[in-house]
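Here's a quick tour for someone meeting this molecule for the first time. Have a look at the sequence and the model, then read on.

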Amino acid sequence: MQIRVGFGYDMHRLQEGRDLWMGGVKLDYEKGLLGHSDADVLIHAICDALLGAANLRDIGYHFPDNSLEYHNVDSKLLLRDTMNLLRDKGYSLGNIDATVCAEQPKLNPHIPAMQRKLAEVMEVSEELISIKATTSEKMGFVGREEGITAYAVVLIQKS
C-alpha cells in the first residue's frame, strides 16, 4: 500500500452581510467569510490538502477564483469534485486532521455537525475526520476578528 500526506491552509476575511459556512454547515453569526465562493475556509483547506497529497496541484488550479462557474459556489461541491479527482487516481482517504482558528463564533458546539456533513459529502466515515477549534489569543487579524483561518493535514492511500 502506498500512503501520501498533504497539507492545506486557507484564510478569508470576515464581512457583515455574508453567511458563515464552516465545514459545510451554515452557522448563525452576524458576519460571514468573504470570497469568490461561499468562502468555507475549512473545506478549502481540506481540498488543498487532498489535492496536494495526490500531486494534483491546488484548489485554485481546479476551481479558479476568476471563473464565473465558481462564483458563490457551495464549497461542498468543490470537496465532492476533489474526492472524485482523488478516486480517479486510485486514492482513498486515510484520515483528516484539521484546525480552525477563530475568535468568534465559538465552533466547538458545531464540530459534530461539521464532521457529519463532511463525511456525507466525501462518502467516508465520520471517524476519519478530526476537527479542532482554537483562537489566536486576540493576536493578529484572527484575534482582531477580521478573519478566520483553517489548516488541514490528510493521509491518503493507494492500494
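What follows walks through a helix, some strand pairings and a pair of residues.

First, the ground rules. This is a predicted model, so local features need pLDDT of at least 70 and side-chain atom pairs count only at pLDDT 80 or more, while totals for chains, interfaces and linings use all residues. Residues are numbered from 1 along each chain as its sequence is written, and side-chain values use heavy atoms, with hydrogens and water left out.

**Helix α3**

Let's start with α3, residues 75-88. Helices (H or I, at least four residues) and strands (E, at least two) are DSSP runs, numbered from the N terminus. The 14 residues of α3 should span 20 Å at 1.5 Å a residue, and the end C-alpha atoms are indeed 20 Å apart; the expected span is 1.5 Å times one less than the number of residues.

Which residues of α3 are buried? They are Ser-75, Lys-76, Leu-78, Leu-79, Thr-82, Met-83 and Leu-86, where buried means under 20% relative accessible area with a 1.4 Å probe, protein chains only. Looking down the axis, these buried residues fall within an arc of 155°, so they line one face of the helix; the arc is that of the directions from the helix axis to the C-beta atoms. They pack against β2 (20-22), α1, α2 (59-62), β5, α4 and β7 (147-158).

At the N-terminal end of α3, Asp-74 acts as a cap. After the helix comes Gly-90, with a positive phi near 90°.

**Strand partners**

β1 (residues 2-16) runs antiparallel to β7, joined by 12 bridges, and Asp-10 stands opposite Ala-150 in β7. β5 also pairs with β7 in the antiparallel sense, over 10 bridges, with Asp-97 opposite Val-153. Strands count as paired if DSSP finds at least two bridges between them.

**Two buried residues**

His-44 sits in helix α1 (residues 41-53) and counts as buried because its relative accessibility is 8%. Leaving aside neighbours within four places in sequence, His-44 is in contact (heavy atoms within 4.5 Å) with residues including Asp-10, Ser-75 and Leu-78.

Glu-103 lies in the loop between β5 (91-101) and α4 (111-122), and counts as buried because its relative accessibility is 5%.

Here are some polar contacts, meaning N or O pairs within 3.5 Å; within protein, one atom must be able to donate a hydrogen and the other to accept it, and residues adjacent in sequence count only if both atoms are side-chain atoms.

| Side chain | Partner | Distance |
|---|---|---|
| His-44 | Ser-37 side chain | 3.3 Å |
| Glu-103 | Ser-136 backbone nitrogen | 2.9 Å |
| Glu-103 | Lys-138 backbone nitrogen | 3.1 Å |
| Asp-74 | Lys-76 backbone nitrogen | 2.9 Å |

Conventions
Buried < 20%, exposed > 50% of the residue type's maximum accessible area, 1.4 Å probe, protein only.
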